[in-house]
Amino acid sequence: MLELIKVKYDQDIKNQLEKRFIAFDVETTGLNPKEERIIELGAVLFENGQAVQKFNTLVNAEVEVSEFISNGYVTTNS
């Protein structure tokens with residue numbers, strides 16, 4: 001189960017995080033963490049609010065990926 005942890009930052013740490021941080025993206029075969037597999041990992045390094053370096057790789061999940069997932073399911077509110 002996911003556990004949320006609250007962390008208090010002083011202003012200096014907050015300023016450093018605003019200058020440089022990495023955002024991660026994990027794509028999976030579905031939403032159930034007990035049954036689904038990771039299929040793609042991505043990361044972007046931000047410095048001073050600008051993306052300066054990107055990383056992306058596919059992962060062999062060793063299962064068939066549904067068309068729904070492989071098409072990058074997009075929903076629209078029409």
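**Loops, a hairpin and two side-chain pairs in a predicted model**

Asparagine 60 is placed in the loop that runs between strand 3 and helix 2. The structure described here is a predicted model. With a relative accessibility of 63%, asparagine 60 counts as exposed, since the cut-off for that class is over 50%. Along the chain, asparagine 60 and isoleucine 39 are 21 residues apart, yet 6.3 Å separates their C-alpha atoms. The side chain of asparagine 60 also has a partner within its own loop: one of its polar atoms lies 2.8 Å from the backbone nitrogen of glutamate 62.

Glutamate 62 deserves a look of its own. This residue sits in the loop between strand 3 and helix 2, the helix spanning 67–70. Its phi is positive, at about 60 degrees, although glutamate 62 is not a glycine. As a general background, most residues other than glycine have a negative phi. Glutamate 62 is exposed, its relative accessible area being 67%.

A positive phi turns up again at asparagine 48, which is likewise not a glycine and has a value of about 50 degrees. Here the setting is the loop between strand 2 (38–47) and strand 3 (50–58). Those two strands form a hairpin with 2 residues between them, and asparagine 48 is in the turn. Asparagine 48 counts as exposed because its relative accessibility is 60%, and the class begins over 50%.

The hairpin strands themselves run antiparallel, with 8 bridges joining strand 2 to strand 3. Within this pairing, glycine 42 stands opposite asparagine 56 of strand 3. Strand 3 is hardly covered: among its 9 residues, the count of buried ones is 0.

Threonine 29 offers a contrasting environment. This residue is found in the loop between strand 1 (20–28) and strand 2. Its relative accessible area is 15%, so threonine 29 is classed as buried, the limit being under 20%. The side chains of threonine 29 and glutamate 36 are joined by a polar contact of 2.8 Å. Leaving aside residues up to four places away in sequence, threonine 29 touches Glu36, Arg37, Ile39, Ala61, Val63, Val65 and Ile69. Isoleucine 39, one of these neighbours, is also the residue whose C-alpha atom is 6.3 Å from that of asparagine 60.

Attention now turns to the side-chain pairs between strands. A search of the whole structure finds 1 aromatic pair. Its members are phenylalanine 21 and phenylalanine 46, whose rings are stacked, with 5.0 Å from centre to centre and 15 degrees between the planes. Phenylalanine 21 belongs to strand 1 and phenylalanine 46 to strand 2, so the pair links distant parts of the chain, 25 residues apart. Both rings belong to partly exposed residues: phenylalanine 21 has a relative accessibility of 36%, and phenylalanine 46 has a relative accessible area of 22%.

The search for charged pairs across the whole structure likewise gives 1 salt bridge. It is formed by arginine 20 and glutamate 47, with 2.8 Å between their closest N and O atoms. Because arginine 20 lies in strand 1 and glutamate 47 in strand 2, this pair ties together parts that are 27 residues apart in sequence. Glutamate 47 is partly exposed, at a relative accessible area of 29%. Strand 1 and strand 2 thus each contribute a residue to the salt bridge and a phenylalanine to the aromatic pair.

Technical notes: Residues numbered from 1 in each chain as written. Predicted model: local features only at pLDDT ≥ 70, side-chain atom pairs only at ≥ 80, totals over all residues. Heavy atoms only, no water. Helix = DSSP H or I, 4+ residues; strand = E, 2+ residues; numbered from the N terminus. Buried < 20%, exposed > 50% of the residue type's maximum accessible area, 1.4 Å probe, protein only. Polar contact = N/O pair within 3.5 Å; in protein donor to acceptor, adjacent residues only side chain to side chain. Contact = heavy atoms within 4.5 Å. Phe/Tyr/Trp six-rings, centres within 6.5 Å; stacked < 30°, edge-to-face > 60°. Pairing = 2+ DSSP bridges. Salt bridge = Lys/Arg side-chain N within 4 Å of Asp/Glu carboxyl O.
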